[in-house]
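Here is a short tour of one protein chain, written for someone new to reading structures. Keep the picture open while you read.

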Amino acid sequence: MKKELYCPTCGKDSVMQAKPFEWSKGVIAEGFQCANCREFLLTLDQHKKAAKAYGQHNTLSLTRKLFTLGQSLAVRIPYDIVNQLKLKPSQKVQFHTTREGLVVKPA
Ligand SMILES: [Zn+2]
């Protein structure tokens, strides 16, 4: 039986399709893309494979879409990152801007 993966943003209305994409410059990884919102997801195994190909074993780099929450912008932290950093609800995080963008780390 084929396992179906639903988009976490669109829910059960959108089954994600296996598709190769550029995970990092020059590294093509297999992932899942939502046909509706175009968001990419990787399973933990797919991520490990991509990280190995890239030569990084302990870093994660995943893309997520911002959404509005009241008057603010919010982002859902992917499960793999929550697990790797052992993040918990209500835990404080620190925002840090760099030339490359935004770094969020446990405070
Ligand atoms: Zn979607």
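Strands E7 and E8 run antiparallel and are joined by 6 bridges. To get from E7 to E8, the chain makes a hairpin through 2 residues. If you want one pair to look for, take glutamine 94, whose bridge partner in E8 is lysine 105. Bear in mind that this is a predicted model.

How many of the residues in E8 are buried? The count is 0 among the 6 residues of this strand (101-106), so the program's verdict on E8 is "hardly covered".

Right after E8 comes a segment that holds alanine 107. Leaving aside residues up to four places away in sequence, alanine 107 touches Lys92, Val93 and Gln94. Take the last of these: glutamine 94 is 13 residues from alanine 107 in sequence, yet their C-alpha atoms are 5.2 Å apart in space. Is alanine 107 buried or exposed? It is exposed, because 8 other C-beta atoms lie within 10 Å, and a residue with 12 or fewer counts as exposed.

Now go back along the chain to the loop between helix H2 (79-85) and strand E7 (93-98), where you will find lysine 86. Serine 90 sits in the loop between H2 and E7 too. What should you look at here? The backbone angle phi. Most residues other than glycine have a negative phi. Lysine 86 has a positive one, near 55°, and is not a glycine. Serine 90 is not a glycine either, and its phi is positive at about 75°. As for their surroundings, lysine 86 is exposed, since it has 8 other C-beta atoms within 10 Å. Serine 90 counts as exposed because it has 4 C-beta neighbours inside 10 Å.

Here are the positive phi values together:

| Residue | Place | Phi |
|---|---|---|
| Glycine 55 | just after H1 | about 85° |
| Lysine 86 | loop between H2 and E7 | near 55° |
| Serine 90 | loop between H2 and E7 | about 75° |

The glycine in that table takes us to helix H1, which covers residues 44-54. Which residues of H1 are buried? They are His47, Ala50 and Ala51. These three lie on the same side of H1, because they cover an arc of only 100° around the axis. Turn to the other side of H1 and you meet Asp45 and Lys52, which are exposed. Just after the helix, glycine 55 takes its positive phi of about 85°.

Time to zoom out. The chain has 2 helices and 8 strands. Read from the N terminus on, the elements go β-β-β-β-α-β-β-α-β-β. Try following that order with your finger on the picture. The C-alpha atoms fill a box of roughly 40 × 35 × 25 Å, taken along the principal axes. Of the 107 residues, 10% count as buried. And if you look at contacts between residues at least 6 apart in sequence, 24% of them join residues at least 24 apart.

Finally, how is the chain divided up? The domain assignment gives domain 1 (2-57) and domain 2 (67-106). The C-alpha centres of domain 1 and domain 2 lie 20 Å apart.

Key: Residues are numbered from 1 along each chain as its sequence is written. This is a predicted model: local features need pLDDT of at least 70, side-chain atom pairs count only at pLDDT 80 or more; totals for chains, interfaces and linings use all residues. A residue is buried if 20 or more other C-beta atoms lie within 10 Å of its own, exposed if 12 or fewer, and partly exposed in between; C-beta atoms are placed from the backbone. Helices (H or I, at least four residues) and strands (E, at least two) are DSSP runs, numbered from the N terminus. The arc is that of the directions from the helix axis to the C-beta atoms. Two residues are in contact if their C-beta atoms, placed from the backbone, lie within 7 Å. Two strands pair if DSSP finds at least two bridges between them. Domain bounds come from an automatic or database domain assignment.
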